[in-house]
Amino acid sequence: MGDTTVTTLEGREEAVPHSVADTADGTRRGYLHRLRTPGRPRLWFEILLIAVSYWTYSLIRNAVPEQKAEALRNADRIWELERQLGIAVEESVNHAVNSVTWLIVGMNYYYATLHFVVTLGVLVWLYRSHPGRYAATRLVLFTTTGIALVGYYLYPLAPPRLMNGQDFVDTVMVHQTWGSMASGDLKNMSNQYAAMPSMHIGWSVWCGLTIFALAAVPWVRVLGLVYPAATLVVIVATANHFWLDAVGGVLCLAFGYGVALLWYGSRPHALPRQVPDGGGSPPAPVRPRLPRSRTEPGRTDPAGRTPP
C-alpha cells in the first residue's frame with residue numbers, strides 16, 4: 001500500500017517504494033522550514049506577545065531573591081575591578097552631572113521613559129516598514145532579555161547609588177523626580193539588586209543598530225548611534241549602573257544576535273524587507289509530469305497509429 005505506480009518511457013509500469021516514514025520526515029522538515037522562514041507579522045499576536053513577555057519579564061525579574069548582602073559584596077568587587085582597570089569614574093560623573101539641576105532632572109526622566117518608548121517605537125517601525133525583518137529582529141530583543149533574567153538570578157548586584165561606604169548621589173531621591181522603580185515610593189515594587197546586565201544598554205544598542213542598519217535618512221541613522229551612547233552616560237550619571245553593567249548588556253545582545261543568526265541562517269538586517277502576502281510558507285513542490293503509457297486510450301504511437 002506504500003508503493004506508487006509510475007509509467008516509464010517504454011510503457012512498462014514499475015512500483016516505486018514510497019515510505020510513510022519518508023513522508024513524515026519530509027513533513028517535519030517542511031514545518032521546520034516554515035518556522036524558520038520570516039512571515040508577515042500579525043498585529044494582534046504581536047501586541048499580545050509583547051504584553052505577555054513584558055509581564056513575564058517583570059514578574060521573574062522582581063521575583064528573583066534580592067540577596068542584599070551578596071549584591072553589595074558583588075558591587076564592591078565590581079568597583080574594585082574597575083579601579084584596577086582604571087575606569088572607576090562613575091562617582092565623578094555622578095557628582096558632576098548632579099551639580100547641573102536641569103541636566104540631571106532631564107536624565108532622570110530619560111532613564112524612566114525612553115527605555116520603553118524608543119524600544120516600542122522601533123518595534124512598530126519594523127512592523128510597518130520592514131515586515132520581513134521584524135520576526136528575526138524581535139527574536140534578538142527577546143533572547144537578549146531572556147538571558148538577562150538568568151544574569152539577575154545568578155549574579156545579584158547593587159547599583160552604585162546603594163553601595164556602602166561610597167558617596168554616590170541617588171538623583172531621583174535628591175531631586176524628587178518621577179521615574180525609577182528602584183527609588184522613592186516605587187522601590188518596593190522592583191528588585192533593586194538586578195543591575196547586571198544593564199538592559200537599558202542592551203535595548204538601546206539593539207535600537208541603535210536596527211535604526212543605523214535600516215533607516216534610509218542619514219541623520220536618523222546618526223541618531224541611532226547617538227541613542228545608546230547617550231543612554232550609557234545617563235545610566236552612569238544617575239548612579240544606576242557601573243560601566244561593566246553596560247558590558248554585560250552588550251554581551252547579552254551579542255548572544256541574541258547569535259541565536260537569530262542560527263535560527264534564520266542570516267543576519268536580521270540582511271533578510272528581505274518584504275514577505276509574500278501568503279506569509280513565509282515555501283511554495284508547493286512542482287511534481288514532474290510523467291509520460292502516459294502507450295496502452296492508454298487515445299494515445300498514438302510514433303507512426304501515428306492509434307492502438308486498438
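Helices and strands here are DSSP runs, a helix having at least four residues and a strand at least two, numbered from the N terminus. With that in hand, the order along this protein reads β-β-α-α-α-α-α-α-α-α-α-α. That comes to ten helices and two strands. Please keep in mind that this is a predicted model.

Some totals. The protein has 308 residues, and 39% of them count as buried. Its accessible surface is about 17800 Å², with 63% of that belonging to carbon and sulfur atoms. If we take the contacts between residues at least 6 apart in sequence, 79% of them join residues at least 24 apart.

Next, the inside. Which residues touch the most other members of the largest nonpolar core? They are Tyr 152, Met 199 and Trp 206, in a core of 35 residues. Two or more residues come from each of helix H5 (101-129), H6, helix H8 (199-214), H9 and H10. H8 is the element that gives the most, with eight residues. A second core lies apart from this one; it has 15 residues, including Ile 78, Tyr 193, Ala 239 and Leu 244.

Back to Met 199 for a moment. Setting aside neighbours within four places in sequence, Met 199 has contacts with Tyr 57, His 115, Thr 144, Thr 145, Ala 148, Tyr 152, Ser 204, Gly 249 and Cys 252. That last partner, Cys 252, is buried, because its relative accessible area is 10% and the cut-off for buried is under 20%. Another cysteine, Cys 207, is at 0% and is buried too. As for disulfides, the count is zero.

Now the aromatic rings. There are five aromatic pairs in the whole structure. One of them is Trp 79 with Phe 168, an edge-to-face pair at 5.5 Å centre to centre and 75° between the planes. Trp 79 sits in helix H3 (residues 68-85) and Phe 168 in the loop between H6 and helix H7 (171-175), so this pair ties together parts that are 89 residues apart in sequence. Trp 79 is buried at 5% relative accessible area, and Phe 168 is buried at 10%. Tyr 110 and Tyr 227 make a tilted pair, with 6.3 Å between centres and 35° between planes. Here the link is between helix H5, which holds Tyr 110, and helix H9, which holds Tyr 227, so parts 117 residues apart in sequence are tied together. Are these two tyrosines buried or exposed? Tyr 110 counts as buried at 18%, and Tyr 227 is buried at 12%. Finally, Trp 79 and Phe 168 join Phe 242 in one aromatic cluster.

Two single residues to finish. His 241 is in the loop between helix H9 (218-237) and helix H10 (243-264). Its relative accessible area is 6%, so His 241 is buried. The side chain of His 241 reaches the backbone oxygen of Ala 195 at 3.0 Å. Beyond four places in sequence, the contacts of His 241 include Glu 90, Tyr 111, Pro 160 and Ser 198.

Arg 138 belongs to helix H6 (residues 131-154). Arg 138 is also buried, at 15%. Not counting residues up to four places away, Arg 138 touches Phe 45, Glu 46, Leu 49 and Leu 123. The C-alpha atoms of Arg 138 and Pro 268 are 9.1 Å apart, although 130 residues separate the two along the chain.

Key. Residues numbered from 1 in each chain as written. Predicted model: local features only at pLDDT ≥ 70, side-chain atom pairs only at ≥ 80, totals over all residues. Heavy atoms only, no water. Buried < 20%, exposed > 50% of the residue type's maximum accessible area, 1.4 Å probe, protein only. Contact = heavy atoms within 4.5 Å. Areas by Shrake-Rupley, 256 points an atom, 1.4 Å probe, with all protein chains shown as cover. Polar contact = N/O pair within 3.5 Å; in protein donor to acceptor, adjacent residues only side chain to side chain. Core = buried A, V, L, I, M, F, W, Y, C linked by side-chain atoms within 4.5 Å. Disulfide = S-S within 2.5 Å. Phe/Tyr/Trp six-rings, centres within 6.5 Å; stacked < 30°, edge-to-face > 60°.
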